[in-house]
Amino acid sequence: VKYRQQDANGQMAGGPMYYLEKGLGSRPLAKLFALFGIGVAFFGIGTFPQVNAISDAMSLSFSVPREVTAVVLTLIVALVTLGGIQSISSVSSKVVPFMAIFYIVACLGVLVNNAAALPEAIALVIGSAFTGHAATGGFVGAGIMLAIQSGVARGVFSNESGLGSAPIAAAAAKTDSCVEQGLVSMTGTFIDTIIICTMTGLTLVVTGVWSGDVSGAAMTSLAFAQGLDANVGQYLVSIGLLFFAFTTILGWNYYGERCTEYLFGVKAIKPYRLIYLVLVASGAFLHLDLIWLLADIVNGLMAVPNLIGLIGLRHVVIAETRAYFSRDRDSESEPEPQTA
């Protein structure tokens, strides 16, 4: 918000590219971030993992062929993203609150039905964090170091903290206060990771599917099928997953678009969107292990220049925050005007 500017299309453009260049004074780092940001949009969080998860869920729960899911999803994404940020924000503002409430209620249903197993599940999670307990679901023989590595990677994938993606969206916010927008943005990490991901993890543990042979969307669907009515549970998680993944695809289309515009100008936005749609269409047919490998690599690359920027601009963050709360205290201490 502090370093954003208006682009040639009249839209507000901001994010690490701009605060690395204008705040830190490093145009090479800014360009590097934008390049890696496009990489994450194309090969990381934006396309392959989301499309693969949607395809798995639709195939498992509704017996929809992957080819059909890929075509329909690509067409819907095209309709929304070609409308630009206004279209994306309009769809997301309607879908995100609904999907969050919907998913939390479904998780609560599973946890209430398995309330007796909850204390043991919490103890298992906490105990395994310090003893290096190895799960069998694709995690056999993992030591504490690998557990930490995987945990950090999945944590970043979940809430994107440190990647620099959220500031790109925050720059389009209708506010003049960088501190207020920062405080609002912070709630996203809490809701996403502390609430939704914790509830998902506990759901996987109390139902026992975490130690099985399935992974990804199939594991979560199985947990809800066992934790709720078998005919209802798998459909609930599939619908929730569909909403979560779809809005993530929309969001990352926008992030990559802003990075593309920074590097190549507004003329490159349309070619970028076309490439993005092609990758969305192909994501349903890639192997899950390859998807996670690509995502972890590009996520790590994107985080590096942004984290350098955060360290270099920490004094600006501190100064802006102190000034904001100082103004608040001053306004509270001012005497109210006397009326006759």
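This talk covers the helices, nonpolar cores and salt bridges of one predicted model.

First, the conventions. Because the model is predicted, local features need pLDDT of at least 70 and side-chain atom pairs count only at pLDDT 80 or more, whereas totals for chains, interfaces and linings use all residues. Residues are numbered from 1 along each chain as its sequence is written, and side-chain values use heavy atoms, with hydrogens and water left out.

I begin with helix 2, residues 27-43; helices (H or I, at least four residues) and strands (E, at least two) are DSSP runs numbered from the N terminus. Helix 2 has 17 residues and reaches 24 Å from its first C-alpha to its last, close to the 24 Å expected, where the expected span is 1.5 Å times one less than the number of residues. Its buried residues include L29, F33, F36 and F42; buried means under 20% relative accessible area, exposed over 50%, and partly exposed in between, with a 1.4 Å probe and protein chains only.

What lies at the start of helix 2? There, a side-chain oxygen of S26 comes to within 3.4 Å of the backbone nitrogen of L29. This is a polar contact, that is, a pair of N or O atoms within 3.5 Å; within protein, one must be able to donate a hydrogen and the other to accept it, and residues adjacent in sequence count only if both atoms are side-chain atoms. S26 itself sits in the loop between helix 1 and helix 2 and is buried, at a relative accessible area of 18%. Apart from neighbours within four places in sequence, S26 is in contact (heavy atoms within 4.5 Å) with L20 and E21.

E21 leads to the salt bridges, each defined as a side-chain nitrogen of Lys or Arg within 4 Å of a carboxyl oxygen of Asp or Glu. By this rule there are six. E21 pairs with R27, the closest N and O atoms being 3.0 Å apart. K2 pairs with E320 at 2.7 Å between the closest N and O atoms. That pair links distant parts of the chain, with K2 in the segment before strand 1 and E320 in helix 14, 318 residues apart. R66 and D56 also meet in a salt bridge, at 2.1 Å from N to O; R66 belongs to helix 4 and D56 to helix 3. Finally, D7, E257, R258 and R273 are linked in a network.

Is E257, in that network, buried or exposed? E257 counts as buried because its relative accessibility is 2%. The residue is found in helix 11, and beyond its neighbours within four places in sequence it is in contact with I269, Y272 and R273.

Those three residues are among the buried ones of helix 12. The buried residues of helix 12 fall within an arc of 165° seen down its axis, so they line one face of the helix; the arc is that of the directions from the helix axis to the C-beta atoms. On the other side, K270, L274 and V278 are exposed.

Y276 of helix 12 is also buried. The largest nonpolar core has 53 residues, and Y276 is one of those with the most contacts inside it, together with M17, L73, I249 and W252. Such a core is a set of buried Ala, Val, Leu, Ile, Met, Phe, Trp, Tyr and Cys residues joined through side-chain atoms within 4.5 Å. A second, separate core of 15 residues includes Y103, A121, L202 and V237.
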